[in-house]
Structures are given as C-alpha cells and as structure tokens.
Amino acid sequence: MERAASKQDPCAASPFPEGFLWGGATAANQCEGAWDEAGKGLTVADCTTYKPNVDVKDYQALHGITSAQIAEAEASRDTHRYPKRHGIDFYHRYKEDIALFAEMGFKCLRVSIQWARLFPTGMEDEPLQAGIDYYRDLFETMRAAGIEPLVTLHHYEMPLYLANHTQGWYQRQVIGLFVRFAKVCFREFGPYVKYWLTFNEIDSAFRHPWTTVGICPDRFEASELEAVIYQCVHNQLVASALATKHLHRMVPGAQMGCMLTRTLTYPLNCDPKNMLLAQRDNRENYWYGDVQAFGRYPRWLLNEWAEKGIHIDFGEADEEILATYPVDFVSFSYYQSMVDSTDAVEREKVCGNLATGVKNPYLATSDWGWQIDPDGLTYALIDMCDRYRKPLFIVENGLGAYDKVEEDGSIHDPYRIEYFRQHIKAIAAAIRAGVDVMGYTPWGCIDLVSMSTCQMSKRYGFVYVDLDDEGQGTYERRRKDSFWWYQRVIATNGADLG
Ligand code: BGP
C-alpha cells in the first residue's frame, strides 16, 4: 500500500520542507582556475602547495607556511606546484557545469567570489569590470537554470597583497577594504543573490591562519601570535556585522549567514573531567558563531583574555556594531566528529582539516582518516537549534575518496552514495526533532582541488573531472553513479534514498 502511495506522490513521505534548498557547494579558489586572467591578483590560496605524500596527521605539514615559501610562490608562475591556480577551469566551463547541476535538479549552488578578481590587491578604489561581468554572468546563468546562488564573500582567498602589506586581517584598515568589496558585490549581484555568507569557517583562524586571516606565523613573535590571531578574528567579526548591515540596506529581503566548521567534540567517556574538557572544546568552536548570532562576546572568553593579558583593540563603535547587526541564519560545514580526553597525548589519533583528535572506536574513517559520523550531524543540528534559535544551513558535508574510472567511462561510487544516504537520514531525523534546516549543499559537488593537500585524487563530487594530481587530463566532466542517485533524492525531496 505504502509503495502505491509513494508512486503517486514520491515526495509524500518526505520530512524535508517544501522549498528545501538541495544543492552543492564549491569555492572559487579551488575550482575557478584562471588564476592570472582578466587582471585577477594573487590570493593566499594561490600560494598553497600540492602535498602528495604528506602525513595527514601532521597538521603543521598540511597547513604551515613560511615567509620564504610565500615569496617563492609570488615569484612563480607554476601551476603544478600550486594547483589551485588551475582548479578545474570552472572559470571557463561554468555554463557546462551549471547545466549538469541543473540536470541533477539542484535548487541551490554555493560559490564564492574571489576578492582579488574584483580588487586585485584589495586596495584599488574601483573594481575591475571584467570581474563584475564574470560573476554577473555566473549568477544570471544559475538563475536561468532555476538555481538559487548561495555566495561566500571570503573563502580562504584574501588578496595576497593584503596578507603581505597589512599583515592580513591584523590591521583594522582591512575592515574598510573588505566592506567596500562587499558593498560592490551587493550592488552588482544583489539582484541575483538572496543568500550570502561572510567568512567561510571563521573558526579556523587558529588552525590555519594563513588561509583564514592572512597571517604567516613567522612574521610574529611566537609569544604574541595568539593575541594577533584573536585580533584578526575580531576584525573579521566586525567586518561581518558591517557587511550584514549593508546587505540589509542595499538588498531588501536578502539574508546573511555566518559559517562555522562544526567540530563537534565528544568526551572519550563519562569521566566528568572528560565531560568538562569536551564542553570546553565545543565552546571554543562555538564562540565565533555566538558573536555573529548573539552580537556579543561570551563572558568566558573575555575572562580568558583578561587572565592571559591579551588586549584586543576594539574600535569605539565595535560593540554596538556587533550587537546591532547579527546574522539571519547559521550555516556550517560538517565532516566528522572529534573525541577528547584528558590523556589525549597517549592515545591513538585521527585527523582532518579540523585538527587532530583521539580516535573514536565506534567510527569508521575515510581514506584520508576523517571519522565518519552521521549521528553526529543529527546531534550537531539539534544542539545548534537549541543554542541559536535561528534557521540552520548545512553548507558543506561530504566524503573525500579515490574514484576509479571503468573502461567504459563509468564511475561506480557506492561508498559516496552510502555516506550521503546516512547523512541525509541524519538531517531528516533532526528535522523530525523540530530543527529548522534551510538546505543542504554537499561539498565539492563537482570534483575540485583539495583545500588541505591540493590533490585532485581526493574527490568529493557527483561529477567526475578528468584531471589528476599532476595536473594532467582533459578536464572532461563525467556523471558518477552518485549523480543519478542524488538526482532521485532531490526529485523526491529526500523521500527516496535508494
Ligand atoms: C572545508 C573547506 C573547504 C573544503 C573542505 C574539504 O574545511 O571549507 O574549502 O576543501 O574542507 O577539505 P579538503 O579539500 O582538504 O578535503
């Protein structure tokens, strides 16, 4: 009986609300390529190198960078060593890619705007027309395909010039420069874009300061680095609030979201000491979003700054700005959960972009050692719903895996389908528990260059891109099995998970 009913209306059994924003997520610096075309300036991402044999548990090897390496990158025109420079050539192929996303039924696509495509150094008075024309056509193409753009203003792609000349986000001057860039985006692209995000994974400033806040650690005394990074984040938080203010004024009906890496941490066991430790870890993950959603710093952090003698330079109006312009919704990436324990140093570790943590004996890991935990997504959604009381948007989630192209050109990726099936079930469970979820945009819906290792072989997509780690390939796009599976999921609004 149930089957017959679902044949008539395949969406009837779906817990997902009407208008749920199914789609996918990308970032310009990892897919556009065309790193030096049409006047674009270099970005911090253009300096990150291909790391084929790095131990992914060695966080410093993954994300560390020195002044000498930056200078070498700036002088180089190499794209093999710096693969984000070629990306997947989305810059020239976006019409073909958007047609594929539309074929899958996407309602929404997350992209970012490279600041340096509009303002090559970040300091120019006027934006480049070529950059405006490119992004306008991108958004028009998306709209024509019935795809709602979700746009990140700052996804690890600060102009290199600013990172070198204003010490990244450390100098207050950058707030004004960013707000000018944001206002140009709202003016030019506001007619096409309703949903915006300010800073991608703003909480990653301490994990990888170069890409997040443009700070190269060797340019500071080790003892001052913590305060420097807090200052950078404060400046980003003020810039985020100001961008929200201008968006609401310039684009009526548009909404601004913050964007966190949800590094959900469990205690290893019910030892109260471990409970307190995990609570502490979760607070450290949440405070960035707390400031953006509640408009003020948590008391514990202010106390900690006072105890450590950390002085953060607040502009006269900063507190009022933060309080007056909170975000409209809270978005986050979710890849894995973490575990902490008071004896963590002695325990086996796992890794991820998020940092290293204690191995969870109940969870499997990906080919790159990231722990796979769909239940953690339900937990995170319910927890964040109770905390923020604002709509939530999962703007990144996915499995980095090796894919094999068969002789007939097909790509069978049942592991990816299973990963998404379990995570979509987890979202459904949270929705049934009363959580307001706006949408779901899996990461790397088309294969792109990895953020951490710059590999192509770490593939996330429903669409395969013929390009290898050495930059060899035709860039041809192919549909994986997961392409057809996700198409059915969207068509049934999440009712048919196969
Ligand atoms: C997130 C970043 C993305 C993306 C993803 C996967 O932290 O916001 O840019 O790359 O991680 O990471 P990776 O590409 O290193 O596998």
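Which residue follows helix 13, and what is the sign of its phi? Hello everyone, let me start with that one. Helix 13 is followed by Gly309, and the phi of Gly309 is positive, near 70 degrees. Before I go on, please keep in mind that this is a predicted model.

Let's stay with helix 13 for a moment. The helix runs over residues 299-308, and its buried residues are Trp300, Leu301, Glu304 and Trp305. Looking down the axis of helix 13, you find these buried residues within an arc of 140 degrees, so they line one face of the helix. On the other side of helix 13, the exposed residues are Arg299, Ala306 and Glu307. And what covers the buried residues? The cover includes helix 11, residues 225-250, and helix 12, residues 272-294.

If you carry on along the chain, you come to Asp313, in the loop between helix 13 and helix 14, the latter spanning 318-324. Asp313 has a relative accessible area of 40%, so it counts as partly exposed. Setting aside neighbours within four places in sequence, Asp313 is in contact with Arg172, Gln231, His234 and Asp318. One distance for your notes: the C-alpha atoms of Asp313 and Gly168 are separated by 16 Å, and the two residues are 145 apart along the chain.

Now, salt bridges. How many are there? The count comes to 31, and I'd like to walk you through three of them.

My opening example is Glu188 with Arg136, where the closest N and O atoms are 2.6 Å apart. Glu188 sits in helix 9, residues 173-189, and Arg136 in helix 7, residues 129-144, so the pair ties together parts that are 52 residues apart in sequence. Is Glu188 buried or exposed? Glu188 has 16% relative accessibility, under the 20% cut-off, and therefore counts as buried. Arg136, at 23%, counts as partly exposed.

Next comes the pair of Arg387 and Asp290, whose side chains meet in a salt bridge at 2.8 Å, N to O. Because Arg387 lies in helix 15, residues 374-388, and Asp290 in helix 12, this pair ties together parts that are 97 residues apart in sequence. Remember that helix 12 is also part of what covers the buried residues of helix 13. Arg387 is partly exposed, with a relative accessible area of 31%, while Asp290 is buried at 6% relative accessibility.

The last of my three is Lys480 with Asp403, with 2.5 Å between the closest N and O atoms. Both partners lie in loops: Lys480 between strand 14 (477-479) and helix 17 (481-491), and Asp403 between strand 11 (392-396) and helix 16 (414-432). That links distant parts of the chain, 77 residues apart. As for burial, Lys480 counts as buried at 0% relative accessibility, and Asp403 is buried as well, with a relative accessible area of 15%. This pair also belongs to a network: salt bridges that share partners join Asp403, Asp413, Arg416, Asp447, Arg459 and Lys480.

On to empty space. Rolling a probe the size of a water molecule over the atoms shows where empty space is left. The structure holds four cavities of 30 Å³ or more, and the second largest contains about 70 Å³ of space. Which residues line that second largest cavity? The lining is made up of Tyr335, Ser366, Trp370, Ile372, Gly398, Leu399, Gly400, Tyr419, Lys458 and Tyr460. By class, the lining has six nonpolar residues, three polar and one charged.

A quick stop at strand 3, residues 148-154, where you'll find Thr152. With a relative accessible area of 0%, Thr152 is buried. Beyond residues up to four places away in sequence, Thr152 touches Arg110, Val111, Ser112, Ile113, Leu197, Thr198 and Asn200.

Let me finish where I began, with backbone angles. Ala38 has a positive phi, near 55 degrees, in a residue other than glycine. You'll find Ala38 in the loop between helix 2 (28-31) and helix 3 (59-63), partly exposed with a relative accessible area of 39%. Asp89 is not a glycine either, yet its phi is positive, about 60 degrees. Asp89 sits in the loop between helix 4 (67-75) and helix 5 (90-104), and it is buried, with a relative accessible area of 15%. Thanks for listening!

Methods. Residues are numbered from 1 along each chain as its sequence is written. This is a predicted model: local features need pLDDT of at least 70, side-chain atom pairs count only at pLDDT 80 or more; totals for chains, interfaces and linings use all residues. Side-chain values use heavy atoms; hydrogens and water are left out. On a 1 Å grid over the protein atoms alone, a cavity is a set of points where a 1.4 Å probe fits but cannot get out, and a pocket is an open set with protein on both sides within 12 Å along at least five of seven lines; lining residues have an atom within 4 Å of a point. Grid points are joined across faces, edges and corners, and a volume is the space filled by probe spheres set on the points. Ala, Val, Leu, Ile, Met, Phe, Trp, Tyr, Cys and Pro count as nonpolar, Asp, Glu, Lys and Arg as charged, and the others, Gly among them, as polar. Buried means under 20% relative accessible area, exposed over 50%, partly exposed in between (1.4 Å probe, protein chains only). Helices (H or I, at least four residues) and strands (E, at least two) are DSSP runs, numbered from the N terminus. The arc is that of the directions from the helix axis to the C-beta atoms. Contact means heavy atoms within 4.5 Å. A salt bridge is a side-chain nitrogen of Lys or Arg within 4 Å of a carboxyl oxygen of Asp or Glu.
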